[in-house]
Amino acid sequence: MMAYENIIFEIQEHIAVIKFNRPKALNAINPAVLAEVSAALDEIEANRAVKVLVFTGEGEKSFIAGADIAHMANLSPLEGRKFSREGQDLLLRIEKLPIPVIACVNGFALGGGTEFAMACDFIYASEKAKFGQPESNLGIIPGFGGTQRLARLVGKAMAKELCMAGNVIGAEEARQIGLVNKVFAADALWEETMKTAKLIASKGKVSMRGIKHCIDRGLDVDLRTGCYLESDAFALCMASPDGSEGMKAFLEKRKPDFKGELS
Ligand code: CAA
């Protein structure tokens with residue numbers, strides 16, 4: 001097991017938690033953070049008991065204040081491309097995980113922070129959270145998928161305005177434009193996130209994977225192809241012990257006991 005210095009990684013019951021932990025730089029992302037998150041994902045993928053992953057920031061102030069500007073300031077174009085690709089690859093890997101991933105945004109989620117949160121399945125935010133793609137203030141552009149995921153989440157004109165103006169928006173505005181699902185008081189955020197994480201962890205793993213992949217892959221293709229993806233994933237649920245158990249439990253008027261097999 002890797003010794004983590006820039007993240008805190010824990011598994012509590014069926015829920016894995018990754019906390020960004022570079023308080024002196026407000027949890028800015030450098031290559032070491034990318035490597036440690038990647039190693040934690042290796043552990044999560046090898047552990048069949050994990051049913052949900054939650055990302056959050058250690059401390060009161062920040063989720064992630066962006067990619068590490070001190071690191072980026074000296075990159076050559078090819079090194080810049082490599083850093084961007086490494087960030088993008090990690091976020092694509094998070095998106096492809098078969099388990100639901102929640103971003104619990106406790107403070108600043110700027111640049112790479114908004115990008116990281118958008119690669120999760122949905123975002124819960126503290127009322128103190130701040131979002132934005134302020135890269136244009138640095139003479140650069142988002143490099144961890146921000147121009148792509150933001151446009152898909154909030155629409156093309158809103159994404160352009162946020163990236164071009166480089167302004168920071170509060171949690172409530174982020175909710176209104178569809179970036180954030182729910183906003184909570186700062187001291188309620190963690191408990192509310194865990195409540196939802198536990199609820200999701202109580203479901204069948206095959207159905208969680210099916211929902212995630214059908215929605216994500218379906219948005220990349222035309223409606224008919226997306227519907228084919230859905231019927232195949234639906235069929236897989238019929239073949240899974242959790243699918244049989246869930247429907248049988250309903251008919252027997254009892255709570256289902258999902259085992260998470262065929263994951
Ligand atoms: N990279 C490196 N260091 C950072 C950082 C970042 N993104 N954000 C904050 N820090 C560091 C500061 O340099 C400061 O370090 P020192 O104490 O050593 O001076 C420390 O964290 C605390 O920050 P501030 O003193 O600035 O704290 P504040 O409360 O006054 O302001 C803030 C907070 C508004 C988030 C401000 O720090 C800020 O604007 N940060 C940069 C945000 C940003 O531009 N993010 C986008 C980065 S580019 C990107 O992400 C590219 C991509 O898509 C891949």
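Here are three short exercises on a predicted model and its ligand.

**Exercise 1. Work out which residues and elements make up the shell around the ligand.**

Start with the roll call: 22 residues surround the ligand, and Lys61, Ala67, Ile69, Glu115 and Glu135 come nearest. Next, sort the shell by class, which gives 13 nonpolar, four polar and five charged residues. Then look at the secondary structure: at least two shell residues come from each of helix H2 (69-72), strand S6 (108-110) and helix H4 (112-118).

**Exercise 2. Find polar partners for the ligand's oxygen atoms, using a 3.5 Å cut-off for N or O pairs.**

Try the side chains to begin with: glutamate 135 puts a polar side-chain atom 2.8 Å from a ligand oxygen. Now turn to the backbone. Glycine 143 has a polar backbone atom 2.9 Å from an oxygen of the ligand, and for lysine 24 a backbone N or O atom sits 3.3 Å from a ligand oxygen. To finish, check the cover: the ligand on its own exposes 990 Å², and the protein buries 60% of that.

**Exercise 3. Trace the open sheet and explain why strands S1 and S10 each have a side without a neighbour.**

Lay out the order first: the six strands run S1-S2-S3-S5-S7-S10, with mixed pairing. Strand S1 (7-12) and strand S10 (182-184) are at the edges with a single partner strand each, so one side of each has no neighbour in the sheet. On average, neighbouring strands here are turned by 20° against each other, ignoring direction.

Now zoom in on one pair. S3 (residues 52-57) and S5 (residues 101-105) pair in the parallel sense over four bridges; threonine 56 has cysteine 104 in S5 as its bridge partner.

Methods
Residues are numbered from 1 along each chain as its sequence is written. This is a predicted model: local features need pLDDT of at least 70, side-chain atom pairs count only at pLDDT 80 or more; totals for chains, interfaces and linings use all residues. Side-chain values use heavy atoms; hydrogens and water are left out. A residue is near a molecule or strand if one of its heavy atoms lies within 4 Å of it. A polar contact is a pair of N or O atoms within 3.5 Å; within protein, one must be able to donate a hydrogen and the other to accept it, and residues adjacent in sequence count only if both atoms are side-chain atoms. Accessible areas come from the Shrake-Rupley method with a 1.4 Å probe; for residues, only the protein chains shown count as cover. Ala, Val, Leu, Ile, Met, Phe, Trp, Tyr, Cys and Pro count as nonpolar, Asp, Glu, Lys and Arg as charged, and the others, Gly among them, as polar. Two strands pair if DSSP finds at least two bridges between them. Axes are lines fitted to C-alpha atoms, for helices over the stretch in contact, and angles run from 0 to 180 degrees between N-to-C directions.
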